[in-house]
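Pull up the model and keep the sequence beside it. We'll walk through it from the overall fold down to a few single residues.

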Amino acid sequence: MSYIRGGTGGQDDATHKAHCTRVNEGVRWDPRPASTMTTVGGRSVTMTGGKLASWRSRRRGGGSCVVLSGVEFGKGKGKEKEERVGNVLCVEGYEAAADKRVMEILESVDTVLSAPPLPSEILGRCKIFLFTTSSHPPATGNKRLKPPSSSSAGTGNGKTVERVVGCVVVQPIRTGMRVLQGDEGGMDEGKRKRDEVVVVGEDAESAGDAYTSSKAVICSPTRLPSKIGIHRIFTVPKYRGLGISKILLDVACEKTIYGYTCDPAKGDVAFSQPTSSGKALMDAWGRGGVMVFVEDEQQSDAEE
């Protein structure tokens with residue numbers, strides 16, 4: 001995040017500090033009641049049947065639903081013998097605008113990933129899975145890292161607090177594009193004819209009639225059936241390498257479509273324009289079966 005030191009009467013410094021805290025330490029998650037707003041992007045949302053019942057239940061539970069509790073993570077990481085546990089929460093996209101905490105999380109993730117905010121029409125059809133914990137991250141070197149205490153947030157009682165340290169934004173989709181591997185298509189890896197492929201992600205450089213890239217994802221242009229699309233995935237730096245992203249992705253596969261568990265190895269899951277680290281996660285977790293999809297409103301027509 002770029003800013004001007006001392007700019008706007010010190011406001012830029014305060015904004016930058018708050019952003020760094022959210023990105024590096026997570027957003028504080030207090031079990032307070034959610035707002036009673038029922039709008040998305042300033043537009044009224046009419047909820048009936050199951051959605052209305054879910055909304056009323058979430059209002060009583062602070063605007064989110066715990067879908068997995070007491071899950072262990074980071075086992076065997078670090079020198080400490082401490083057990084690390086967390087919870088996975090689910091927030092419906094059509095409720096996100098009513099919760100300042102969720103919007104702060106989404107804004108921070110978009111900034112870090114250099115991604116534009118999701119349009120309200122798309123966000124309204126998403127599910128947002130959050131990983132919260134008050135457990136310490138593992139020590140690095142001889143120094144133990146600790147999550148910020150509530151005193152650092154201004155409460156002054158010195159107790160550790162629950163923070164959101166991981167986030168996945170997912171929606172049902174219709175189609176994805178298969179990721180090409182190696183020398184598929186009879187061309188060398190990383191170099192293919194422009195009219196034969198779709199190149200997404202970062203560092204997609206063009207070279208004559210071919211695309212050459214070390215970080216971009218090269219896909220077949222043919223759209224294939226898929227089930228869910230991962231718009232955003234992020235873990236705060238202090239908690240990376242502890243399996244949190246995998247936990248969130250596994251829960252998203254099980255909970256996004258009612259009565260159906262998505263299998264990434266069968267192409268049920270697609271990522272949206274992954275970064276280099278996202279591509280590594282996509283390959284490792286998806287066992288080579290994860291596809292790529294294009295973020296557009298047409299995908300929003302998929303049935304939930």
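What follows goes from the whole chain to its cores, then to a pocket, then to some individual positions.

First, the ground rules. This is a predicted model, so local features need pLDDT of at least 70 and side-chain atom pairs count only at pLDDT 80 or more, while totals for chains, interfaces and linings use all residues. Residues are numbered from 1 along each chain as its sequence is written, and side-chain values use heavy atoms, with hydrogens and water left out.

Start with the chain as a whole. Its secondary structure comes to seven helices and 16 strands; these are DSSP runs numbered from the N terminus, helices being H or I over at least four residues and strands E over at least two. Of the 304 residues in the chain, 43% are buried, where buried means under 20% relative accessible area, exposed means over 50%, and partly exposed is in between (1.4 Å probe, protein chains only). The chain exposes about 15,700 Å², and carbon and sulfur atoms supply 49% of that; the areas come from the Shrake-Rupley method with a 1.4 Å probe, and for residues only the protein chains shown count as cover. As for contacts (heavy atoms within 4.5 Å), take those between residues at least 6 apart in sequence: 68% of them join residues at least 24 apart.

Now go inside. A nonpolar core here is a set of buried Ala, Val, Leu, Ile, Met, Phe, Trp, Tyr and Cys residues joined through side-chain atoms within 4.5 Å. The largest has 54 residues, and Ile-128, Leu-130, Phe-131 and Phe-271 have the most contacts inside it. Helix α6 (residues 244-255) gives this core its largest share, seven residues. A second, separate core has five residues, including Leu-180, Val-199, Ala-216 and Ile-218.

Click on Ile-128 next. Setting aside neighbours within four places in sequence, Ile-128 is in contact with a list of residues that includes Leu-89, Val-102, Leu-123 and Val-169. For a link across the sequence, look at Val-179 in strand β8 (residues 175-179). Val-179 is buried, at 10% relative accessible area, and its C-alpha is 5.9 Å from that of Ile-218, although the two are 39 residues apart in sequence.

Where is the open space? Rolling a probe the size of a water molecule over the atoms shows where empty space is left. A pocket is an open set of points on a 1 Å grid over the protein atoms alone, where a 1.4 Å probe fits, with protein on both sides within 12 Å along at least five of seven lines; lining residues have an atom within 4 Å of a point. The largest pocket holds about 680 Å³, with volume taken as the space filled by probe spheres set on points joined across faces, edges and corners. Its lining has 30 residues, and Leu-113, Ile-233, Thr-275, Ser-277 and Gly-278 lie nearest its centre. Strand β14 (228-235) gives the most to the lining, with six residues.

Finally, two backbone oddities. Ser-114 is not a glycine, yet has a positive phi of about 55 degrees; Ser-114 sits in the loop between α4 (100-112) and α5 (120-123) and counts as exposed at 68% relative accessibility. Arg-287 also has a positive phi, near 55 degrees. Arg-287 lies in the loop between α7 and β16 (291-292) and, at 56% relative accessibility, counts as exposed.
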